[in-house]
Amino acid sequence: MNWTRALRTKASEQLTWDDLLPSEQPVYVSSLVYSLGVLTLSSFVIVVASGVIMASKGALWYQTSSLGDFFRSIHFWSVQAFFFAMTMHLVAQFFMGGWREGRAFTWILGALLFGLSVVEAFTGYLSRGDFFSQWNQVQSKDAFNGAGVDGFLNVLNNGQIYGIHIAVLPLILLLFVGWHVLEVRRKGVVPPYQAKVSK
Amino acid sequence: MKKAHFSRDTLRFPQKDFDMVKEGTISLGIVAVVVLGLAAAFGAPYRPAITNQQIAQSNPVLFAQTAMGDLDGTGAMAQYGPPYNNGFHGQPPQSTQSIAGFSPETWWGTPYPLNTAQDDVLQPLTMLAKASNNANLLSAVQQYEAAPFSQQMKWDQNMEKALTKATAQGGQLVLPTGDYGPVSTLISAEVSLGQSGLFSGALNRETNQGVYRYNVQNDLLFLQGATLHKIAGQLNMKGEQWGINHDEQAYPGPWWLTPYTFLYQIPPWSVSSAGDEMAAYTVAILFLLLILVPFIPGLNKVSRILPVHRLIWRDWYKHLEQTGACSTCPFKEGCAKEFRDATAAVAASQNGEVPGCYRPLSHPLPSPTTVASHTV
């Protein structure tokens with residue numbers, strides 16, 4: 001079996017331009033809840049952009065300069081927007097049964113993204129470098145240690161926490177976000193539950 | 001025989017115009033404006049971290065009590081256990097969590113070693129004595145280290161008692177007369193070292209090789225007990241105050257941790273000595289349930305039973321009702337089984353029949369009730 005040919009065939013069958021950049025949607029796509037996913041993505045773009053700028057200037061910059069403080073504020077509020085939109089998206093997809101008709105893997109990726117985002121946000125809070133970081137760092141050590149994560153993670157090691165926050169988890173998140181979106185586009189939006197038929 | 005499966009291809013539904021790029025651009029624009037506006041108007045919370053120097057200056061007695069706990073092994077970190085140490089002087093660890101013998105905390109040994117007597121007191125003071133050519137301090141450290149453990153404990157306990165009555169005058173400890181051996185010299189020097197601002201540097205030197213300072217473990221852990229708990233309590237940030245769930249100022253905090261924080265408010269999590277371990281695994285199990293919703297019988301039907309989807313797709317259902325699409329549908333019975341009635345579906349499609357909801361629009365849809373629509 002030629003792996004390259006198999007991949008090309010599968011991709012060209014399941015990810016056509018009509019799937020990837022649709023100019024039409026089923027008529028049932030008519031609700032504000034369909035905007036929650038793209039609002040999550042939009043917030044994510046701003047989270048990443050502000051984070052990259054902060055990382056390029058270094059941790060002291062966003063703690064000590066007014067411009068750094070402003071970018072930290074952008075990062076803070078875009079994270080709030082991201083979690084708000086993502087949580088609403090998750091709740092909406094639950095009520096819509098978004099996993100139906102062969103879409104279970106899309107749901108699994110989305111749920112994993114939620115969990116990873118929570119850990120990513122927590123490492124961000126610990127990288128703020130203020131009392132909130134200090135307090136939660138010493139408090140959370142008992143939870144991380146108790147869970148047995150201490151074999152891998154020293155939550156009091158800022159070098160490790162910062163590295164995880166700006167490189168390890170963002171790369172995994174980007175990969176999973178891309179995969180999640182591709183799955184949504186590949187399968188199309190989940191059809192509505194069947195209407196009640198009046199006898 | 002493999003059961004035929006009726007594919008519910010979304011492209012077989014009636015379609016309408018849609019511009020994904022435009023929707024994405026508008027969405028990004030809206031979020032950017034809102035976020036920039038909030039950032040400009042409100043900024044973001046920032047409360048400077050508490051330094052050892054601040055505490056040594058503002059409350060020398062508390063600072064001295066913290067150092068004494070580290071020296072005599074009564075401090076929480078002195079007797080914590082893995083991953084930092086194996087308890088104090090042969091005593092079993094006091095902070096190891098275990099659920100019916102399940103204690104993964106202990107699996108990795110002590111990868112982040114901390115001997116509080118050495119690391120928090122004796123080693124920094126040795127450095128201070130050498131840096132300042134303080135022969136008196138150096139000999140006090142050496143006298144303490146050379147003394148039998150029982151003698152050390154006698155001095156330490158006398159000092160612990162004295163510190164409950166000690167006062168601070170001009171930033172210096174004033175102790176009642178007593179038999180403290182070299183410990184009074186050690187503790188006074190420790191307070192002075194803290195007040196100078198050099199103490200953190202000494203602690204950070206211990207957890208970092210060479211020049212760079214990435215690991216602040218020992219610095220963070222020195223104040224982690226009574227001192228930080230007192231300050232956090234004043235800010236409503238302790239665990240039982242829903243601590244981590246909210247920021248310390250009037251800003252939204254990490255509210256997405258609510259289910260986790262909630263556990264700390266109720267027994268058994270709030271009262272168990274393994275509360276943190278229990279909370280971590282409870283959340284892990286809940287998260288696993290979330291991931292597996294599509295496969296959990298009952299849970300994967302909740303959304304079908306609850307009528308929330310009727311609200312989300314209300315325009316669609318109104319359309320089906322107005323056109324009578326479902327009542328005349330050849331798949332009427334099968335549809336009720338989520339299009340999985342293979343026999344009816346295959347037979348009907350062979351006759352060239354089309355499900356009611358796939359038929360081209362003969363009636364216009366009700367006016368969209370929303371301004372936005374997107375598919376991600």
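**Note on the helices and cores of a predicted model**

1. Helix H7 of chain B, which covers residues 183–196, has 14 residues and reaches 20 Å from its first C-alpha to its last, close to the 20 Å expected at 1.5 Å a residue. The coordinates come from a predicted model, and the remarks below should be read with that in mind.

2. How many of the 14 residues of H7(B) are buried? The number is 10, so this helix is largely enclosed by the rest of the structure. The buried residues are B:Val183, B:Leu186, B:Ile187, B:Ala189, B:Glu190, B:Val191, B:Ser192, B:Leu193, B:Gly194 and B:Gln195. After the helix comes B:Gly197, which has a positive phi, near 95°.

3. Two of those buried residues of H7(B), B:Leu186 and B:Ile187, also appear, together with A:Phe82 and B:Leu125, among the residues with the most contacts inside the largest nonpolar core, a set of 105 residues. The element that gives the most to this core is helix H5 of chain A (residues 66–95), with 11 residues. A second core, separate from it, has 7 residues, including A:Ala143, B:Leu263, B:Tyr264 and B:Ala280.

4. Which residues does B:Leu186 touch, when those up to four places away in sequence are not counted? Its partners are B:Val121, B:Leu125, B:Ala140, B:Val141 and B:Tyr144; one of them, B:Leu125, is itself among the residues with the most contacts inside the largest core.

5. The two chains also meet through a pair of helices, H6 of chain A (residues 104–126) and H12 of chain B (residues 275–291), whose axes come within 8 Å and cross at roughly 150°. Because angles over 145 degrees count as roughly antiparallel, H6(A) is described as roughly antiparallel to H12(B). On the chain A side the contact is made by A:Ile108, A:Ala111, A:Leu112 and A:Gly115, which meet B:Phe287, B:Leu290 and B:Ile291 on the chain B side. Sorted by class, this contact has 6 nonpolar residues, 1 polar residue and no charged residues. As a general point, residues three or four places apart in an α-helix point the same way, because there are 3.6 residues a turn.

6. Chain A as a whole has 8 helices and 1 strand, and from the N terminus on its elements follow the order α-α-β-α-α-α-α-α-α. Its C-alpha atoms fill a box of roughly 65 × 50 × 40 Å along the principal axes, and 51% of its 199 residues are buried. Of the contacts in chain A with a separation of 6 or more, 72% join residues 24 or more positions apart.

Notes. Residues numbered from 1 in each chain as written. Chains lettered and ligands numbered in written order. Predicted model: local features only at pLDDT ≥ 70, side-chain atom pairs only at ≥ 80, totals over all residues. Core = buried A, V, L, I, M, F, W, Y, C linked by C-beta atoms within 7 Å. Buried ≥ 20, exposed ≤ 12 C-beta atoms within 10 Å, placed from the backbone. Helix = DSSP H or I, 4+ residues; strand = E, 2+ residues; numbered from the N terminus. Contact = placed C-beta atoms within 7 Å. Expected span 1.5 Å × (residues − 1). Axes fitted to C-alpha atoms, helices over the stretch in contact; angles between N-to-C directions. Parallel < 35°, antiparallel > 145°, perpendicular 65-115°, else oblique. Nonpolar A, V, L, I, M, F, W, Y, C, P; charged D, E, K, R; others polar.
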